[in-house]
Structures are given as C-alpha cells and as structure tokens.
Amino acid sequence: MKKIKIGQIGIGHNHGEGKMLAVQKFPELFEVIGYAEENEEWVKKRGNLPCYKDLPRLSVEEILEKSDAILAECDVWDLTKIAQKCVDAGKHVHIDKPASGTLAEFEALLNRAKEKKLTVQMGYMYRYNFAIQKLMGMINSGELGEIYQIDAEMSTYHPKEYRQWLGHFKGGSMYIFGSHLIDLVVSILGEPEKVHPFIKQTGFEGVYSDDNCFAVLEYDKAIARITNLSVEVNGWGMRRFAVMGSKGTVEIKPIELDVEMYKSTTDIAANSYQAMHEKIDVQDVPALSRYDEMMKDFYKSMIGEKANPYSYEHELAVQRTLCRVVGEN
C-alpha cells in the first residue's frame, strides 16, 4: 500500500490537533514528516501537545519540499493563502474551514488545483458524520420525497475569550459555525436563489462580536433556516439538523456526542395530530475519531482509489453562499 508523506502547516486552527491525531492513527496510509509554525505564541501554547511534541518542527519551505500532501491548519485568516502555496508547489491539500480571503482568491486556488489534478479537501467534519450520511442516503433515494424545508442549528455556550476571537470575522459565529450548515444545505438543495441574513451582537459580558446569527436561504419551493448562537446554554445539546420532505421528516439532535436520529414517514405518521416517529439506530462518532473517515477519504482521493466526493464546484458554491450571508472576510 502506497504511503502518502504528509506535513502540517500551522497549528493555530482549533481543529489542527484533531487532524494530526487522525493521520497518526493510520501509519499504513500516512508518513508524517513534521509540522511548520512561524508564530512562536502557537508553539508555546500547542507545540508540546502529544501529537506535535515528538515531531520535527520544520520551515514552511521544508514542509512543501518533503510532503506529498499538506494539512493547512494555520489561523483561519491565512488558510487560503497557505493552501495556495501548497497547490503552487504541486501538493494535495486539506484546508480547514471555512476558506479565508476573498471569493476570487479561493476560486483561483480551486482553479489551479483543478488544472494540476490535485485534491482539495475542506474540513467540514459533518460530511463524515454517520447520521448525516444516513440522512443523505434517504434524501438521495427519494425516501423523503421532495425537500421543502431544512432547519439547522450549531450553537455553543462559548467563553468570553472565544467570543472576542470571533470579532476577527464578519459574521462571527455564522462564518465559523454556520459554514458547516451551509455546506450541508448546499449539498441537498444547491445554491439558494436569495439569502436573508440576520447578524446580531448580544453584547454579553461586554463582547460585541457577531455572536447571535440567523439566516434564511430561499429556493423556488424550499426554505433553509440556519441558526448559531455563541451564548446558548446547552448549545451542544441543541445542535440540530432536520429535513422535511413531502414523504417524510428526519431530525438529528444532537448531531454528535450523543447523536440521536428520528424518522417520520407517511407510513409511520398516520395521525397528523399526534407525534409519531421511530428512532433510527445510528453509529455515533467518538470525540477522538471525528476526523478519521475524512482523512481516509483524503488518502483514497489522492491515490486515485476514489473520486473526491466534494467537487471543486461544490466547494466554490459553499464559499460563495457563505459570502452572500456574511460578506467577504
């Protein structure tokens, strides 16, 4: 089995540790050659984490030279810039989410990768959530009929320091968390005809980042509602993805840890005025395995075992929709 030499540029992204831990689980697939981090503050904060402390710390240039593929896990605002360096060097790249910079910069990155036949994988982890995948199968098979509404929430009760950090971005919590949900909605319904964003600031504890966000994505017949609030008590437990179609409804809540999934179809819900549904037995994704399937898919797409299930065009559509909701960061 061919091994892919993989390095990581940046350790400042909150998901960077998880991605490194994931590739280290599969030594038969990946040979980890090291990491690069030019910001000494991140090295002080995270350089001694178990996944990094025994790895060589290399320069960005050394990572580019020695790797077949690269994990772009730098600060969010540098993701597209670093990914462009990887693609220019002829390397496959996993980019944590959401993409940064202007839409034109991200489109140029994707176009260059497509020309070079390089894999670009975005770090939207719910794509590899088993409940979400089962739901997508139901939608694609027609089991739920024509989709009319999607209701999605990804909220958290964040500490003050994190909500201050959200102030780096237009759209704050919608940019960081709503992007996950926009990715799923675009996968199901495509790009919306219109977007109606409501971006608010709670001012809780004197922080005025965009931390209270809601958006409606409008289609010819369908509506998708996206909510994220960074001061929602038990926000994790309220994370929800629900799809309503002409033949059935599926709700996933919480989405993970501990996932619960319910289905109501016309043969189950015989009484319109009574709650009638069945619980779907679905595998949860353990906290330390959140990115395992994603990294295995990254490997398969790089060696040509399977096509990347998320096309360059899809990634651009997601980013374009996100920009319509929050503006360009």
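User: Let's start with the open sheet that holds E9: how many strands form that sheet, and in what order?

Analyst: Strands here (E, at least two residues) and helices (H or I, at least four) are DSSP runs, numbered from the N terminus. The sheet with E9 is open and has 8 strands, in the order E7-E8-E9-E6-E10-E11-E12-E13, with mixed pairing. At its edges sit strand E7 (194-200) and strand E13 (278-279), each pairing on one side only. Two strands pair if DSSP finds at least two bridges between them.

User: What kind of model am I looking at?

Analyst: This is a predicted model, where local features need pLDDT of at least 70 and side-chain atom pairs count only at pLDDT 80 or more, while totals for chains, interfaces and linings use all residues. Residues are numbered from 1 along each chain as its sequence is written, and side-chain values use heavy atoms, leaving out hydrogens and water.

User: How do I read one pair of strands, say E8 and E9? How many bridges join them?

Analyst: Check the direction and then the bridges. Strand E8 (residues 212-218) runs antiparallel to E9, and 7 bridges join the two. For one spot to look at, find asparagine 212, which stands opposite leucine 229 in E9. In a regular strand, side chains alternate between the two faces of the sheet.

User: Which helix lies across E7 and E8?

Analyst: That's helix H12 (residues 312-326), at about 55° to E7. Such angles run from 0 to 180 degrees between N-to-C directions, with axes fitted to C-alpha atoms, for helices over the stretch in contact.

User: And the sheet with E1 in it: what is its strand order?

Analyst: The order is E2-E1-E3-E4-E5, so to speak a row of 5 strands in an open sheet with parallel pairing. Strand E2 (30-36) and strand E5 (120-122) are the edges, and each pairs on one side only. From one strand to the next, the twist averages 20°.

User: Where can I see the parallel pairing up close?

Analyst: Try E1 and E2, which pair in the parallel sense over 6 bridges. There, glutamine 8 has tyrosine 35 in E2 as its bridge partner. You can also look at strand E3 (residues 69-72) and strand E4 (residues 92-95), joined in parallel by 4 bridges. In that pair, leucine 71 stands opposite histidine 94 in E4.

User: Which helices touch this sheet?

Analyst: One of them is helix H11 (residues 292-303), which packs on the sheet and touches E1, E2, E3, E4 and E5, its direction making about 155° with that of E4. Helix H1 (residues 16-24) lies across strand E1 (4-9), E2, E3 and E4, at about 150° to E2.

User: Is E1 mostly covered or mostly open?

Analyst: Mostly covered: 5 of the 6 residues in E1 are buried. Buried means under 20% relative accessible area, exposed over 50%, and partly exposed in between (1.4 Å probe, protein chains only). E2 is mostly covered too, with 5 of its 7 residues buried.

User: How many salt bridges does the structure hold?

Analyst: There are 23. A salt bridge puts a side-chain nitrogen of Lys or Arg within 4 Å of a carboxyl oxygen of Asp or Glu. Take arginine 127 and glutamate 315, whose closest N and O atoms are 2.7 Å apart. Arginine 127 sits in the loop between E5 and helix H7 (130-141) and glutamate 315 in helix H12, so this pair ties together parts 188 residues apart in sequence. Arginine 127 is buried at 3% relative accessibility, and glutamate 315 is buried at 2%.

User: Which residues does aspartate 183 touch?

Analyst: Contact means heavy atoms within 4.5 Å. Leaving aside residues up to four places away in sequence, aspartate 183 touches Tyr124, Arg127, His314 and Val318. Aspartate 183 lies in helix H9 (residues 172-189) and, at 0% relative accessibility, counts as buried.

User: What does the salt bridge between aspartate 292 and lysine 25 link?

Analyst: Their side chains meet at 3.0 Å, N to O. The pair links distant parts of the chain, 267 residues apart: aspartate 292 in helix H11 and lysine 25 in the loop between H1 and E2. Aspartate 292 counts as buried at 11% relative accessibility, whereas lysine 25 counts as partly exposed at 36%.
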